[in-house]
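Reader: I'm new to this one. Could you walk me through it?

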Amino acid sequence: MGPIINGKQVKNIKHLMDNGISQGAKLALKGEIQGNIISPYIFTETDPESVLAKEESFGPILPVLKAQDETHALFLANYTENGLSSAVCTQDYELGWKFALGIEAGMTHINDTSVDDQTIAPFGGEKIQDRDALMTSR
């Protein structure tokens, strides 16, 4: 991983992590911060309404959200204002393909990272228009 763009962004990432912890997320892997270099942090027990789940950090922060089943997993995947890129990891490629078709994102990678995009491929994203309506329809 490369450096974070500037000190202001590092401060924002620290703020997101502190808020996530105060909102109940558990720190499962604690990275290090040295200047503008941040090694990965992984959080578990992340509430879908928490800042860690809702805000895009632009840093090496991974909030883990536990789904009850496949339907709930798709709900969680789409319960965001962001939607540029996503990834599905599975042993069943056909099931992963079907699941990926339900994700509202500009692109979805199967068994690959969400940042493995090609410079010659079109790139765009989709957003959920009304998060509150999605939440009440569940």
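Author: Sure, starting with a pair of rings: both Phe75 and Tyr79 are buried, meaning under 20% relative accessible area, with exposed being over 50% and partly exposed in between (1.4 Å probe, protein chains only). Bear in mind that this is a predicted model, where local features need pLDDT of at least 70, side-chain atom pairs count only at pLDDT 80 or more, and totals for chains, interfaces and linings use all residues. Residues are numbered from 1 along each chain as its sequence is written, and side-chain values use heavy atoms, with hydrogens and water left out.

Reader: How are the rings of Phe75 and Tyr79 arranged: stacked, or something else?

Author: Searching the whole structure turns up 1 aromatic pair. Rings of Phe, Tyr and Trp (its six-membered ring) pair if their centres lie within 6.5 Å; planes under 30 degrees apart count as stacked, over 60 as edge-to-face and the rest as tilted. For Phe75 and Tyr79 the centres are 5.2 Å apart and the planes sit at 20°, so the pair is stacked.

Reader: Is Glu45 buried or exposed?

Author: Glu45 is in the loop between strand E4 (41-44) and helix H2 (51-54); helices (H or I, at least four residues) and strands (E, at least two) are DSSP runs, numbered from the N terminus. Its relative accessible area is 59%, so Glu45 is exposed.

Reader: And what is phi of Phe58 near?

Author: Phe58 sits in the loop between H2 and strand E5 (61-63), and at 61% relative accessibility it counts as exposed. Most residues other than glycine have a negative phi. Phe58 is a residue other than glycine with a positive phi, near 55°.
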